[in-house]
Amino acid sequence: MLQHKQSFDTFVNTQLNPQQKIAVTAKDGSFLVIAGAGSGKTRVITARITNLILNHQVQPSSIIALTFTNKAAQEMQHRIAQFLPDLRIKPTIATFHAYCLKLLKKNAYLQNAAQFSVIDAADAQKLLQSIIKEKGLEKLFNAKQLLSFFSTFKMNDVLKLDAPAWNMHHAQQFTELYNAYEQQKKLSNYLDFDDLLYNTFELFTKNPEFATQHLKNHRHLLVDEYQDTNLIQHALLKQMTLQNKKLTIDSVCAVGDEDQSIYSWRGANVANILEFATEFAGTKKIKLEQNYRSTQQILNVANSVIKHNVNRNHKELWSDNPKKHEPLLLECLSDLQEASLIAQLINLCKEAKSSIAILYRTHYQSRIIEEALIKASIAYKMIGGISFYERKEIKDLLAYLRLTLNPHDRISFFRIINCPARGLGEKFEETFVNLWNQNPFSTWQEVAKMLLEQKQLAQKQATSLEQFLTFFDVAKKEKDQKKVCEILNHFIKQTNYLTYLTDHFEKIEAEEKRENIAEFLRAAAYFDENNQGGLSQFLDEISLMQDLIKQDDSATERVNMMTLHSAKGLEFNIVILVGLEEGLLPSNQSIGQENVEEERRLFYVGITRAREKLLISYSKYRNVFGKLDEQRPSRFLREIPASAVLHQEAAHWSKTSFATFFQEWITGEKNATTQKISIVSTTPETTSTFSTNIKRLQSVKHATFGLGIAHQVEQKGDKIVVTVHFTHHGTKKIESSFLQVV
DNA sequence: TGAGCTGGTTTTTTT
DNA sequence: AACCAGCTCA
Ligand SMILES: Nc1ncnc2c1ncn2[C@@H]1O[C@H](COP(=O)(O)OP(=O)(O)OP(=O)(O)O)[C@@H](O)[C@H]1O
């Protein structure tokens, strides 16, 4: 500890600027750090936590740091572990949601809701969709949109804000659906993501004694990325720290940057950060100006873009970083070329793979890049997208587990009653729902027995249902003593789940699913070895988890792939921003909603993730919904002065020429080992173009079909057939002699 | 009931 | 291209 203290004190004295030092070393009071990207806000938070522990003897357990995304929480834990590697009791570093989940679980008795589970977005959508359908309103409402309306509606309701104008056409049906959705969640004992925050808020409001008792242990609170808190989170923070406008804890410290506010669509409110100082009287405001992350050239690009936002306070990032490297703006012919160029660039990089990130606006863009990386044998790590616990096979098995513990869980019940198929389909479901609705507080077993007693089921169905019941008889009896992995195995065997996979999915897909299940079993076994709490603890622990924690994860160096949203708060030596095109960034929807400023902030966040090298790319053509569309470069690119980037067109390059070019860009030197590289990078695949000069991804012209891109060149007999994606005429196979290279 | 077919739709972003 | 809701047929 002492050794850590000494090195930390040196750190404070040499690695923090005077402003940061104030925010780090002051013990009590309220602090607000407003500063641009890469100016050391997160460093303030992590150093502040460490300083409280090492120099003020604060109990780590009384420190709470809240973040917005899981990734940000992980990053912060990681940074603190660097200062305090062998801290036994760790400060709480969690997302708002995780913090609330833990609080509610721990104090479930106060809510007379013992075993609630968290419903994820997909299930919530499914549930709402089924309600909409039941009421015959599918023409009027879209479940996904409606859920986000519900979210706003509930926020106004709970916080008793002025009701927004619900000038929607079908207000009555809206309310009806809302109530039905809330009721269904209640019956099944589910909370959705928003509920985690609301229920905590209401628990604090309605039970002040509990609040006081619980909050007594919180002495220091820190919030990262405050610009992205929504009203309920803001309200929660105030509950946790203020009473009669006076601080009830020792310190509160919020950091943020209005230019990085990118979550307005989920209710984030920049006003929260602007009002912080008024709400917390005596707040010490700290401004950080210098950027320590990026080269000045990268910051120039960032500054030139963000200054086009009208709604902001002027701020200019600067750095005295002596390193220099010119950002590259790359125009590609197609999304395919973009992906393969990136893969090849990465292969030329000497850098550790984990210090490279590929960032995109939407998840679906990752797919084509992923394929290119696989082809180039580059290890990668994808963050977000469909997580492990969102996979069908895992959710199915989880439903079996949940149903053992919570016999009121309708969502799980209907998920698995006919999966694997056992002849209890739609009709059966309907009968079952009706009976259940007549006896809403019965367990599914009670309803099932009632149904069997009515003797109206076909013999086959009755047998099926009886069998289904027995799966759970066995499981339930010993659920607490039994190991999770045994219960899991029990269900897999009883339901013949593996056979179901083989029968109902393509070979490769079934194999993948089986592997996931094996992985899941391993995770369960690992849990059993390290915990006593059995199934209920297991389910609680994974309720907000996204991915399995794999041991070999840090062993191999991997390129990072993630959306711009999940990249917030992170940094990488090399950042590759792809798809800078109208409709992608800014997204089509944002253009329609006139919310382009948020997209610009998103771009700004992306640019400012880079420490040394920045590559921005866009394509002229892109596959959208299965057909090739012409794309226009993003409007944001026009905001970057020509002198700030090296603008390079790659459309007509041959593979060897960009190897040379990339090598020069990476090293920052002209005519590096040009020759050697071109030999290395000439792969047989590209040279095998038979006797035509048409290559993959080359643009070609046809007399009647016009312009297009060659996607495949094959020899058929003595002819060469080229698969061309035409700009206006779809995909066609054309003999090469009818095509002209352009 | 469940498999297979058809035709319409799809893609923001996270907890 | 991939997915789903809705339909038909065994
Ligand atoms: N005073 C300092 N001296 C040198 N390096 C610093 C200093 N403060 C921060 N850094 C470094 O600068 C980089 C950016 O810091 P940090 O991640 O804390 O910034 P941030 O303000 O949280 O950025 P963002 O808002 O973009 O997430 C980090 O690599 C950090 O280690």
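A polar contact here is a pair of N or O atoms within 3.5 Å. Keep that cut-off in mind for the stops below, and remember throughout that you are looking at a predicted model.

**Stop 1: DNA strand B**

Start by selecting K427 together with DNA strand B. A polar backbone atom of K427 sits 3.4 Å from a phosphate oxygen of the strand. Now slide over to G423, where a backbone N or O atom is 2.5 Å from a phosphate oxygen of DNA strand B. For a side chain, pick H97: one of its side-chain N or O atoms is 3.5 Å from a sugar or linking oxygen of DNA strand B.

Next, widen the selection to everything around the strand. You should get 30 residues, with R361, H363, Y364, G423 and Q589 coming nearest. Of the DNA strand B atoms that come within 4 Å of the protein, 49% belong to sugar and phosphate. Try colouring the surface near DNA strand B by residue type: nine nonpolar, 17 polar and four charged residues show up. Two helices to highlight are α18 (426-438) and α25 (564-567), each of which supplies at least two residues of that surface.

**Stop 2: DNA strand C**

Hop across to DNA strand C and select K133, R367 and F625, the residues that surround it. Zoom in on K133, where a side-chain N or O atom is 3.3 Å from a phosphate oxygen of DNA strand C.

**Stop 3: the ligand**

Now bring up the ligand and its shell. There are 19 residues around it, and Q20, K41, T42, R43 and E571 come nearest. Which helix gives the largest share of this shell? Select helix α3 (residues 41-55), which contributes three residues.

Put some distances on screen. A polar side-chain atom of K41 is 2.6 Å from an oxygen atom of the ligand, and R43 likewise has a polar side-chain atom 2.6 Å from a ligand oxygen. At G38, by contrast, it's a polar backbone atom, 2.9 Å from an oxygen atom of the ligand. If you show the ligand's surface, know that it exposes 630 Å² when taken alone, and that the protein buries 89% of that. By type, the shell splits into three nonpolar, 10 polar and six charged residues.

**Stop 4: the nonpolar core**

Hide the DNA and the ligand for this one. In soluble globular proteins, nonpolar side chains tend to be buried together. Here, the largest nonpolar core has 50 residues, and L401, W444, F468, F520 and F538 have the most contacts inside it. Helix α16 (residues 392-405) gives the most to this core, with eight residues.

Centre the view on F538. Skipping neighbours within four places in sequence, F538 touches L401, V484, F520, A524 and F527.

**Stop 5: two helix residues**

Select A302, in helix α13 (residues 296-306). Is A302 buried or exposed? A302 counts as buried because its relative accessibility is 0%. Outside its neighbours within four places in sequence, A302 is in contact with Y604, I607 and T608. For a long ruler line, join the C-alpha atoms of A302 and N207: they are 47 Å apart, with the two positions 95 residues apart along the chain.

Finish at E515, in helix α23 (residues 507-530). E515 is partly exposed, with a relative accessible area of 47%. One last line to draw runs from the C-alpha atom of E515 to that of S654, a separation of 40 Å for residues 139 apart along the chain.

Technical notes
Residues numbered from 1 in each chain as written. Chains lettered and ligands numbered in written order. Predicted model: local features only at pLDDT ≥ 70, side-chain atom pairs only at ≥ 80, totals over all residues. Heavy atoms only, no water. Core = buried A, V, L, I, M, F, W, Y, C linked by side-chain atoms within 4.5 Å. Buried < 20%, exposed > 50% of the residue type's maximum accessible area, 1.4 Å probe, protein only. Helix = DSSP H or I, 4+ residues; strand = E, 2+ residues; numbered from the N terminus. Contact = heavy atoms within 4.5 Å. Near = heavy atom within 4 Å. Polar contact = N/O pair within 3.5 Å; in protein donor to acceptor, adjacent residues only side chain to side chain. Areas by Shrake-Rupley, 256 points an atom, 1.4 Å probe, with all protein chains shown as cover. Nonpolar A, V, L, I, M, F, W, Y, C, P; charged D, E, K, R; others polar.
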